[in-house]
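Reader: I should like a close look at one part of this model, namely its nonpolar core. Please set that part in the context of the confidence of the prediction and the relation between the chains.

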Protein chains: 2
Amino acid sequence: MPGRKSPGRKEALEGVASRLPRATVLRLSWYLRHLQGLDKAQAEWVSSHELAEALGVTAAQVRKDLAAIGSFGHPGIGYRPDELASAIRGVLGLDRSWSVVLVGVGNLARALLRYAGFRQQGFQFVAIFDADPAKVGQVVENLPVLPMERLAEVVRQTGAQLGIISVPAEAAQRVAAELVAAGIRGILNFAPVMLRVPLRVSLVSVDLTVQLEQLSHLVLHHSHANGRNVQQRSGSRLA
Amino acid sequence: MPGRKSPGRKEALEGVASRLPRATVLRLSWYLRHLQGLDKAQAEWVSSHELAEALGVTAAQVRKDLAAIGSFGHPGIGYRPDELASAIRGVLGLDRSWSVVLVGVGNLARALLRYAGFRQQGFQFVAIFDADPAKVGQVVENLPVLPMERLAEVVRQTGAQLGIISVPAEAAQRVAAELVAAGIRGILNFAPVMLRVPLRVSLVSVDLTVQLEQLSHLVLHHSHANGRNVQQRSGSRLA
């Protein structure tokens, strides 16, 4: 547990947070994104209605989500953006920094390494790896590409907790096993394959074809969904 | 409605499909991925238990999901993989081809254009665009980069229904409006910003930082989640 704080209220909140539905946790990310986009000089308060409007959900849903993490708005006024952002960052683990290693230095990796949003939220790439000897030694975004043989040693040295897999499908399970063996606690997988990892390791998979399939499903059935509205539409990205 | 077929059973299924929960539609993609990975010579039947095991959900969930799209297994035996895959492809809109345009030719776009999974599922890139005059005219994966001024004309000519946005956040809303004006029916957005599109246009957003935040949340709260098991773990990618 990186940066574990004192028990008490924090402890209770973590107990709550671990039982949050996945859809709620996704919405927390999006609430935070909206809060971070507010003009700090102007936004002293943010209402559940404003957050609801931004995400395309109901204000009741917003209040329920935020109550679940212990943030209760001031009735008739709303939430203090700074307080609320801080509470969400705590639940998402963004009140600390995370060291990330990446395996598989192709185009997707280059896009990820250049992506400013990661660093802003506390995710820091500390090392990148590739099995291709021709890539080893190249420098991408100021990081030298390291050989896979150095994975365990570098994870130990850097204390990296998270690993990103951006290798082809056929190599992904082997890489996942190597990350697990190296002590990585959570894996973000971009390879289009279902990985098996031990229970102690968390896994989030992003299959880009799946995303396109969700979209084709929505487009195909759109005209039949008379009840579809803003809420459901953005449910497509939030739930 | 592209390639709309005869009414009757198809009509009824589409009516059902439009009311499927988002999490169910996501699992359909993953069931299909598993079915496509089966050895055709050997797998005459697939059981709900096998599908459940592959996805990390319960067999009851599998049967419920598949019944919701009208696929009922043979009791005690299972499902015929070909039949089931065909039913899922119909619901996901993969029984037809989709023409896709992409706007914003950076590293992420190059990764997407090279991604074999899209074409295998019927998604075909027909044109790519960039606002940067220095990129216009370059050829990426056999497609010339076109200027934004040609978007509407090319969408009309190609009949493209889907658009992918892989531009920086600050340009994404403008690009979305241009795609909508050009007649695009569904948008897959990779820019880290919440887009507004008319109700008639479907939207799926993939914010890569959000995915990492979901992972840090899972890792952070893992040790507190004693009840967490395979089902919940892969719920992290499925629900």
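Author: What follows takes the core first, then the two copies, and then the confidence.

The model is predicted. Its largest nonpolar core comprises 141 residues. Within this core, the residues with the most contacts are Ile88 and Ile165 of chain A together with Ile88 and Ile165 of chain B. For Ile88(B), the partners that remain once neighbours within four places in sequence are set aside are Leu28(B), Tyr31(B), Leu32(B) and Ile69(B).

The two chains may be considered next. Chain B is superposed on chain A by a rotation of 180 degrees, with a shift of 0.0 Å along the axis and an RMSD of 0.0 Å. This is therefore the relation of a two-fold axis. Both copies use the same surface, since 98% of the contact residues of chain B recur in chain A.

As to confidence, the model has an ipTM of 0.80 and a pTM of 0.77. Chain A has a mean pLDDT of 83, with 85% of its residues at 70 or more. In chain A, strand β4 (residues 143-147) has the highest confidence, at a mean of 98, whereas helix α11 (residues 230-238) has the lowest, at 31. Over residues 223-239 of chain A the pLDDT is below 50, and the model gives this stretch 35 contacts beyond near neighbours in sequence. Residues 1-14 of chain A also stay under 50, and for them the model has nine contacts beyond four places in sequence. Predicted coordinates should not be read in detail where pLDDT is low.

Note on methods: Residues are numbered from 1 along each chain as its sequence is written. Chains are lettered from A and ligands numbered from 1 in the order in which they are written. This is a predicted model: local features need pLDDT of at least 70, side-chain atom pairs count only at pLDDT 80 or more; totals for chains, interfaces and linings use all residues. A nonpolar core is a set of buried Ala, Val, Leu, Ile, Met, Phe, Trp, Tyr and Cys residues joined through C-beta atoms within 7 Å. A residue is buried if 20 or more other C-beta atoms lie within 10 Å of its own, exposed if 12 or fewer, and partly exposed in between; C-beta atoms are placed from the backbone. Two residues are in contact if their C-beta atoms, placed from the backbone, lie within 7 Å. pLDDT is the predictor's confidence in each residue, from 0 to 100. Helices (H or I, at least four residues) and strands (E, at least two) are DSSP runs, numbered from the N terminus. Copies are superposed by least squares on the C-alpha atoms of residues with pLDDT of at least 70 in both.
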